[in-house]
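Please look at the sequence and the model shown here before reading on. The paragraphs that follow lead through the structure step by step.

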Amino acid sequence: MNRKLRLKIKKLEPVRDRYMFTDNRHPEKGIMSAILGCISVGTLIVAVLFTYRDGGQAQLRYAAAAFVAAIFSVVGLVLGIMSRFERDIFKLFPNLGIALNLASIIFVAILLVLGLT
């Protein structure tokens with residue numbers, strides 16, 4: 001009985017070999033870049049869906065929303081690139097922000113090219 005008790009107590013001891021202690025942090029600019037990327041991608045998707053629902057006739061407010069989303073994506077891309085060059089950071093949010101904002105800028109460029117033809 002004493003042996004079983006010791007085994008259970010041994011399993012409850014913390015194992016420090018599994019933890020990695022680091023000084024890295026999530027940069028504020030990277031988080032803001034990811035947030036701006038999510039907002040701009042979401043805004044562009046909603047604007048395109050509403051335009052499709054209206055039979056392809058884009059209203060002025062949808063175009064204004066796409067323009068603001070394009071501005072957000074440019075600012076988010078700059079913030080993502082700036083935060084990517086910081087030291088001792090986790091790179092999840094800067095990379096996510098760069099990818100979302102770049103996708104948003106490319107989407108706006110495609111919409112402009114399709115609108116001109």
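Two residues are in contact when heavy atoms of the one lie within 4.5 Å of heavy atoms of the other. With this definition in hand, one may turn to a residue in helix H2, serine 40. Not counting neighbours within four places in sequence, serine 40 is in contact with Ala69, Phe72, Ser73, Asn101 and Ser104. The structure discussed here is a predicted model.

Before these contacts are followed further, the chain as a whole deserves a description. The chain has four helices and zero strands, and read from the N terminus its elements run α-α-α-α. Among the helices are H1, which covers residues 2–11, and H2, which covers residues 28–53. Helix H3 spans residues 60–84, and helix H4 spans residues 92–116. Of the contacts with a separation of 6 or more, 78% are accounted for by residues 24 or more positions apart. The chain has 117 residues, and buried residues make up 22% of them. The area that the chain exposes is about 9200 Å², of which carbon and sulfur atoms supply 69%.

Serine 40 can now be considered again. Is serine 40 buried or exposed? Serine 40 counts as buried because its relative accessibility is 0%, and the term buried applies to values under 20%. The side chain of serine 40 also makes a polar contact, at 3.4 Å, with the side chain of serine 104.

One of the residues in contact with serine 40 is Ser73. Serine 73 belongs to helix H3. With a relative accessible area of 0%, serine 73 is therefore buried. Which residues does serine 73 contact, leaving aside its neighbours within four places in sequence? They are Ser40, Asn101, Ser104 and Ile105. Asn101 and Ser104 thus appear among the contacts of serine 73 and among those of serine 40. Within helix H3 itself, a polar atom of the serine 73 side chain lies 2.7 Å from the backbone oxygen of alanine 70.

Another residue of helix H2 is isoleucine 45. Isoleucine 45 has a relative accessible area of 45%, so the residue is classed as partly exposed. In sequence, isoleucine 45 and serine 104 are 59 residues apart, while their C-alpha atoms are 9.7 Å apart in space.

The discussion now moves to the loops. The loop between H1 and H2 contains arginine 25 and histidine 26. The relative accessible area of arginine 25 is 37%, and this residue is therefore partly exposed. Histidine 26, at 35%, is likewise partly exposed. Arginine 25 and isoleucine 89 are 64 residues apart along the chain, and their C-alpha atoms are separated by 4.8 Å. For histidine 26 and isoleucine 89, the separation in sequence is 63 residues and the C-alpha distance is 5.7 Å.

What does arginine 25 touch, leaving aside neighbours within four places in sequence? Its contacts are Glu86, Asp88, Ile89 and Phe90. With glutamate 86 there is also a polar contact between the two side chains, at 3.1 Å. Histidine 26, with residues up to four places away left out of the count, touches Ile31, Phe90 and Phe93. Phe90 is thus in contact with arginine 25 and with histidine 26.

One of the residues that arginine 25 contacts is Asp88. Aspartate 88 is situated in the loop between H3 and H4. Its relative accessible area is 54%, and aspartate 88 therefore counts as exposed. Aspartate 88 has a positive phi of about 55°, although it is not a glycine.

Finally, the empty space in the model may be considered. Rolling a probe the size of a water molecule over the atoms shows where such space is left. The volume of the largest pocket is about 230 Å³. Its lining consists of Leu44, Ala47, Val48, Thr51, Gly56, Ala58, Tyr62, Ala63, Ala66 and Leu111. Helices H2 and H3 are the elements that give two or more residues to this lining. Which element provides the largest share of the lining of the largest pocket? That element is H2, with four residues. By residue type, the lining of the largest pocket divides into eight nonpolar residues, two polar residues and no charged ones.

Technical notes:
Residues are numbered from 1 along each chain as its sequence is written. This is a predicted model: local features need pLDDT of at least 70, side-chain atom pairs count only at pLDDT 80 or more; totals for chains, interfaces and linings use all residues. Side-chain values use heavy atoms; hydrogens and water are left out. On a 1 Å grid over the protein atoms alone, a cavity is a set of points where a 1.4 Å probe fits but cannot get out, and a pocket is an open set with protein on both sides within 12 Å along at least five of seven lines; lining residues have an atom within 4 Å of a point. Grid points are joined across faces, edges and corners, and a volume is the space filled by probe spheres set on the points. Ala, Val, Leu, Ile, Met, Phe, Trp, Tyr, Cys and Pro count as nonpolar, Asp, Glu, Lys and Arg as charged, and the others, Gly among them, as polar. Buried means under 20% relative accessible area, exposed over 50%, partly exposed in between (1.4 Å probe, protein chains only). A polar contact is a pair of N or O atoms within 3.5 Å; within protein, one must be able to donate a hydrogen and the other to accept it, and residues adjacent in sequence count only if both atoms are side-chain atoms. Accessible areas come from the Shrake-Rupley method with a 1.4 Å probe; for residues, only the protein chains shown count as cover.
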